[in-house]
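With the structure open in your viewer, please follow this tour one selection at a time, beginning with a pair of helices and moving on to the sheet.

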Amino acid sequence: MATPAVRYLVFDVEGVADMALVARQRYAGQALDDRAALERFRRELFERYENDLVPYTYQIPAAVGVAKVAADFTLLDVAVLDEPEYRPHVMTEQFWRGWTKYKQPTLVSFHGRAFDLPVLELAAFRYGLRLPTWFQGGKGNSRGRFNSESHFDVEEFLTNFGATRFTGGLNLSANLLGKPGRMIGQDDRVQDMWLAGRRDEISQLCRWDVLDTYFVFLRSRVLVGQMTLDDERERVQGARTWLEARAEQQAAYRQYLEHWGDWANPWAEPEAAEKSKSGKKGAR
């Protein structure tokens, strides 16, 4: 049986600061080493904004995760690019080459319009990649904010393109559906994990975010009428089976399944709804 064509690429980017760039651009001539420059920049950001997140213009990809999804929304595969080397230029090139190879599938993200996609575009600029189809062609204006055939940002969809603030983000969205959301502590910043050499944990986090985004994307298809709840349940169960088949080799999938919860359907018979609730395994 032929493998179904890839119709959607669900993706997530975990970024970290380019410390040398921060030192060179922000503190030239001040005798700060790269790490000290980053620490100073983060302090200044926190003092001003009460948030030390480094702007994406100073960031490079630390992990890029993608899920291949068929036209009927079946999960086909999940991967973190250039694992375990995690070279930013290689991850960037593989992402854009894959988008071209699979005939420009719709990119799907959560908050990707404001962060993940700009990081990957700026990385392509930095590393000298040619992306004529993305910037000049594709499905109409590929980069147009309202072109959901090119890029579907679930957060923008849920907020009517920024009309509201989506407090809680992907973590909340996934939790609404019983899925784990972020399993690493909220105080565990990707930047600090990267500085501590915890590259594989960042990769795990990226896989979890891709899976959460996939399940949230499925529910959005129910909302717009492209799927029924029965269709969604079938795709969710198919994804779980896919994860279970690979859990022995991939720790990220084992942990995800350990925190898996099934959505409690309020439209089901009371006995079935109660059974669904009791079947949750540590979902938050």
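**Where two helices meet**

Start by selecting Leu 170, Ser 173 and Ala 174 in α7 together with Asp 209, Asp 212, Thr 213 and Val 216 in α9, since these are the residues through which the two helices meet. Colour them by character and the contact divides into 3 nonpolar, 2 polar and 2 charged residues. Keep in mind throughout that this is a predicted model.

Now show the whole of helix α7 (residues 169-176) and helix α9 (residues 199-223), whose axes come within 9 Å and cross at roughly 55 degrees. With that angle, α7 is oblique to α9, and the crossing of α7 and α9 is left-handed.

**The sheet**

Next, select the strands: 5 of them form an open sheet with mixed pairing, in the order β3-β2-β1-β4-β5. At its edges stand β3 (75-80) and β5 (151-153), and each has a single partner strand, so one side of each is left without a neighbour in the sheet. From one strand to the next, the twist averages 25 degrees.

To look at one edge in detail, select strand β4 (residues 106-109) with β5, which pair in the parallel sense over 3 bridges; here Leu 107 stands opposite His 151 in β5.

**Helices on the sheet**

Then add helix α3 (residues 88-101), which packs on the sheet and touches β1 (8-17), β2 (59-69) and β4, its direction making about 30 degrees with that of β2. Finish with helix α4 (residues 116-126), which lies across β1, β2, β4 and β5 and runs at about 70 degrees to β1.

How values were computed
Residues numbered from 1 in each chain as written. Predicted model: local features only at pLDDT ≥ 70, side-chain atom pairs only at ≥ 80, totals over all residues. Heavy atoms only, no water. Axes fitted to C-alpha atoms, helices over the stretch in contact; angles between N-to-C directions. Helix = DSSP H or I, 4+ residues; strand = E, 2+ residues; numbered from the N terminus. Parallel < 35°, antiparallel > 145°, perpendicular 65-115°, else oblique. Left-handed = near helix turned anticlockwise from the far one by under 90°. Contact = heavy atoms within 4.5 Å. Nonpolar A, V, L, I, M, F, W, Y, C, P; charged D, E, K, R; others polar. Pairing = 2+ DSSP bridges.
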